[in-house]
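Colleague: Before we look at single residues, could you show me how to read the packing of two helices and the surroundings of a side chain?

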Amino acid sequence: RMAAAPPSYCFVAFPPCSKDGLVVFGKNSARPRDEVQEVVYFPAAAHDPGSKVECTYIEIEQVPKTHAVVLSRPSWLWGAEMGANEHGVCVANEAVVTREPASESEALLGMDLVRLGLERGATAKEALDVIVALLEEHGQGGNYYEDGSSCHTFQSAFLIVDRNEAWILETSGKYWAAEKITEGVKCICNQLSLTTKIDAEHPELRNYVKSQGWWNGESDFNFSEVFSLADDHIACCSGRESLEKQGGDVSAQAMIDVLRDKDSGVCVDSESFLTTASIVSVLPQDPSFPCIHYFTGTPDPSRSIFKPFIFVDDVKLVPKVQSPSFGNDDPAKKIPRFQEKPDRRHELYKAHEWARSLLENDQDKGQKLKRIMLDLEKQGLEAMEDILSRTEILDPAEVVDLFYDCVDTELKFFK
């Protein structure tokens, strides 16, 4: 039996299910318990013709121009679990298991494709086109975890969202299918979810599955049924119901509440896996308003603070949520890989470890700290709501230090 894929959850809600003409996106990233995620920003950049970009395992051709991106990523790899770009595109991935074994040979990781889609796509559809073209050219494969003792490989699914639409993209090897979404609430998790509504697909997809004997060519083509192992393709999404219950009121706060829910299984805290980081993004359908992206940068959203980030020129970098860099000495870059595990904890992660142990072990002090944390978060959410309800255009100077200041304030509380 192949190893279970980590149970991450991704969500999107469109008006009229969401409030005030906003598209709301969220993801809980479930990963090995001890893995550190960092939040990193890369400005837009121009690249020389013929230059290459080194992804986690392989080098590929660079493009002339890459967009500014903010990413939440396991700090040993190049790509990301989730993130956004300056054009209001958000991408998150899911590891999935299909009847086709995932390749152990080093190629692009699903996480690399998240970052590449964001750096190269100015709309959700462009990001999708980028991802499937790179999949065709380079394939996907290689170890999903920083583990020298065994290779964990998966296929990939993606939720790709912009201010107008979303695409669910599911892949197996280089084959793929995608569904476009413009209304309602959608959730994807670590199982295939596409059925017969397919709006774009690999040109050879149906011929390929016929040649494998997985589909007779007569019955309705159902992607999940064709590619899932036995009965894997069940409706997995417990969080969707909680969002649908909000009836037209899905907001950043409602999405945060769903991501914090341990009873539903959306917030993972098991023997093998933990929600190591979370994101919520609010994308106003009116392009004169800024998109707002909230990151935790720390594990377990029920014990973390969602902190806002807005793209502006010269946004202030936040070293306190960035892991130390080991350059070419990084065991993830040396072959054989992962022979040792360096300490990748960033400053906020270390401070947060103290807070987590207090919340777990000292009820009185823990409850007091939790109230302070939630109050801090609420101030940020209210300030952002204020920005989205104004008539005048946002002054970039007002938010250039936004994420930096929120992280700084959080650290001061923990100290």
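Modeller: What follows takes up a helix pair and then two residues, in a model that is predicted.

Colleague: Which angle do the axes of α5 and α6 make where they cross?

Modeller: Two packed helices are described by the angle between their axes and the distance between the axes. Here the axes of α5 (residues 238–245) and α6 (residues 252–259) come within 10 Å and cross at roughly 150 degrees. Because angles over 145 degrees count as roughly antiparallel, α5 is roughly antiparallel to α6, and the crossing is right-handed. The contact is made by G239, S242 and L243 of α5 together with A254, M255 and V258 of α6, and by class it has four nonpolar, two polar and no charged residues.

Colleague: Is L259, which lies in helix α6, buried or exposed?

Modeller: A residue counts as buried when its relative accessible area is under 20%, and L259, with a value of 0%, is therefore buried. Leaving aside residues up to four places away in sequence, L259 touches a set of residues that includes F11, V266, I279, P301 and F306.

Colleague: And where is E146 placed?

Modeller: E146 sits in the loop between α2 (124–138) and β11 (155–161), and at 12% relative accessibility E146 counts as buried too. With residues up to four places away in sequence not counted, E146 touches W76, F338, K341, P342 and R344, and with R344 there is a side-chain polar contact of 2.8 Å.

Terms used: Residues are numbered from 1 along each chain as its sequence is written. This is a predicted model: local features need pLDDT of at least 70, side-chain atom pairs count only at pLDDT 80 or more; totals for chains, interfaces and linings use all residues. Side-chain values use heavy atoms; hydrogens and water are left out. Helices (H or I, at least four residues) and strands (E, at least two) are DSSP runs, numbered from the N terminus. Buried means under 20% relative accessible area, exposed over 50%, partly exposed in between (1.4 Å probe, protein chains only). A polar contact is a pair of N or O atoms within 3.5 Å; within protein, one must be able to donate a hydrogen and the other to accept it, and residues adjacent in sequence count only if both atoms are side-chain atoms. Contact means heavy atoms within 4.5 Å. Axes are lines fitted to C-alpha atoms, for helices over the stretch in contact, and angles run from 0 to 180 degrees between N-to-C directions. Angles under 35 degrees count as roughly parallel, over 145 as roughly antiparallel, 65 to 115 as roughly perpendicular and the rest as oblique. A crossing is left-handed if the near helix is turned anticlockwise from the far one by less than a right angle, and right-handed if clockwise. Ala, Val, Leu, Ile, Met, Phe, Trp, Tyr, Cys and Pro count as nonpolar, Asp, Glu, Lys and Arg as charged, and the others, Gly among them, as polar.
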